[in-house]
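Biologist: Hello! I am new to reading protein models, and I would like a close look at a single part of this one. Could you take me through it step by step?

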Amino acid sequence: MNRIDASHDPGLRSWVDSANAADTDFPIQNLPFAAFSRDGEKTRIGVGIGDRILDVAALAPHLEGAARAAAHACGQPVLNPLMLLGAPARRELRLALSHALAVRAGEPEAWLRSALYPQSETRLHLPARIGGFTDFFASIDHATNAGSLFRPDAPLLPNYRHLPVAYNGRANSVRCEPDIARPRGQIRIEGDDLPAYLPSRRLDYEVELGGYVGTASRPGRPVPVGEAWDHFFGFSLLNDWSARDIQAWEYQPLGPFLAKSFATSVSPWVVTAEALAPYRGPARPRGEQAPALLPHLHDAADQEAGALDITLELHLRSARMAQEGLPPVVLSRGNAATLYWTFAQMLAHHTSNGSSLDAGDLLGSGTVSGAGRDSWGSLLEITRGGAETIRLPTGETRGFLADGDEVIITGHCERPGLARIGFGQCRGRIVAAGAQA
């Protein structure tokens, strides 16, 4: 449900000067959560404001009611205790934080300033205890692009327009650590009859959006699409690393396994569902030839405002580029609003057989790709399976990722008359197989 309140006011300014910069990801209208620590101190939950992070639990004695209970829950090392308090408590905390950080008469109290730290002096951690990870396949453009490489005459499988296709991933593969070891696995080299156990030669990224479940669902009770949005706590950037050569050999007949389970990167920042309320819009039109949705996957309000207008960019920098002081290059720029299935439909479908979701569960959108090559969210698409390599500023070429390559996903929401808000960064650097730090 869209809830616009005083915390979304585009005219709000913060007494934290860096939060008022035009290009900041974290203005006062955002207030994303992250798990952070400082040297010698325990991990707890903070809120991003400009280039600072606010220790939320330190504010608890100065708040009241539901906001106080929510701030107290932020003294824990993960978001799950806050999630369990429910959306109303989270909204009360958001309003209290917005009020505390906004410019008003007089200087901010000393206790408030003392709870604020430079982000550069903190370490960020995985924000939630993730019990389940499910990755969807919600971009019809990505599904078509990938399918055309293997089934040129019929790239979309018959079920695609009827339900949000997904697979259950491995929850303990989700991480924020930057180093990603190149996986090993069974690979069948062209021309060989038998596979070999080798490091992946076709390692890829996937630009995705991840949705964290905040309000658990009940076993045996499917969540209607119209209620699904209220189950989401917030969203983060996600990179579902994929070993395409391992995947090609193993995926039939049961789908992805070792090609995906070695690592999934998420950004440490979680932008709340409340912060995203002004950036929701109509779901992607399904087209005249699309089959009618079954009732459990259709909701008129979700079709009117179920999409998220989030621009997602993929940046790549090779080890040589880094050595020469060159900045990363942008390989793609897509938007989550182009997804064929909304997050509400994904969650509703996930529970439609009676299975339940818990606080902290993570749903990935699948690769976010648009119609044009400059919006394609994987190298599999951009290089057409490695056949059309890209050239980097150093003259290096890439069909897939090389050791030392750093992959950075960024995201932001921007609309006329609204504050620009961002998602921070989801970073990963490929290190040689067996050489993970």
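Where is the place of His8? Please start there, and then show me how that part fits with the rest.

Modeller: Happy to! Keep in mind that this is a predicted model. His8 sits in the segment that comes before β1, the strand made of residues 33-37. Take a look at its surroundings: His8 has a relative accessible area of 7%. Because buried means under 20%, that value makes His8 a buried residue.

What does His8 touch? Setting aside residues up to four places away in sequence, its partners are Arg3, Gln29, Arg94, Glu274, Ala275, Ala277 and Pro278. Pick out Glu274 from that list, since the side chain of His8 reaches the backbone oxygen of Glu274 at 2.7 Å.

Now stay in the segment before β1, where you will also find Leu31. Leu31 is buried too, with a relative accessible area of 3%. Its backbone deserves a second glance: Leu31 is not a glycine, yet its phi is positive, at about 60°. Most residues other than glycine have a negative phi. Arg384 offers another case, with a positive phi of about 50° although it is not a glycine either. You will find Arg384 in the loop between α11 (379-382) and β23 (390-391), and with a relative accessible area of 23% it is partly exposed.

Let us return to the partners of His8, which include Pro278. The next residue to visit is Tyr279, in the loop that runs between β17 (271-272) and β18 (280-281). Tyr279 is buried, with a relative accessible area of 3%. Leaving out neighbours within four places in sequence, its contacts include Ala307, Leu308, Asp309, Cys413, Glu414 and Arg415. Tyr279 and Ile310 are 31 residues apart in sequence, while their C-alpha atoms are 7.7 Å apart in space.

One of those contacts of Tyr279 is Cys413, a buried residue at 0% relative accessibility. Is its sulfur bonded or unbonded to another cysteine sulfur? The closest one belongs to Cys426 and is 16 Å away, which is too far for a bond. The sulfur of Cys426 has its own closest cysteine sulfur in Cys176, at 7.6 Å, and that is also too far for a bond. Cys426 is buried as well, at 1% relative accessibility. Across the whole structure, a search finds zero disulfides.

Another partner of His8 is Arg94, and the helix α3 spans residues 87-101. This brings us to α1, whose buried residues pack against α2 (80-84) and α3. Those buried residues of α1 (residues 65-73) are Ala67, Ala70, Ala71 and Ala73. They cover an arc of only 155° around the axis, so they lie on the same side of α1. On the face turned away from that buried side, you can find the exposed residues Gly65 and His72.

Finally, step back to the whole protein. Its secondary structure comes to eleven helices and 26 strands. The radius of gyration is 22 Å, close to the 22 Å that the globule rule gives for 437 residues, so the protein is as compact as a globular protein of that length. Of those 437 residues, 57% count as buried, and His8 is one of the buried residues.

Methods. Residues are numbered from 1 along each chain as its sequence is written. This is a predicted model: local features need pLDDT of at least 70, side-chain atom pairs count only at pLDDT 80 or more; totals for chains, interfaces and linings use all residues. Side-chain values use heavy atoms; hydrogens and water are left out. Helices (H or I, at least four residues) and strands (E, at least two) are DSSP runs, numbered from the N terminus. Buried means under 20% relative accessible area, exposed over 50%, partly exposed in between (1.4 Å probe, protein chains only). A polar contact is a pair of N or O atoms within 3.5 Å; within protein, one must be able to donate a hydrogen and the other to accept it, and residues adjacent in sequence count only if both atoms are side-chain atoms. Contact means heavy atoms within 4.5 Å. The arc is that of the directions from the helix axis to the C-beta atoms. The radius of gyration is taken over C-alpha atoms; the globule rule is 2.2 Å times the number of residues to the power 0.38. A disulfide is a pair of cysteine sulfur atoms within 2.5 Å.
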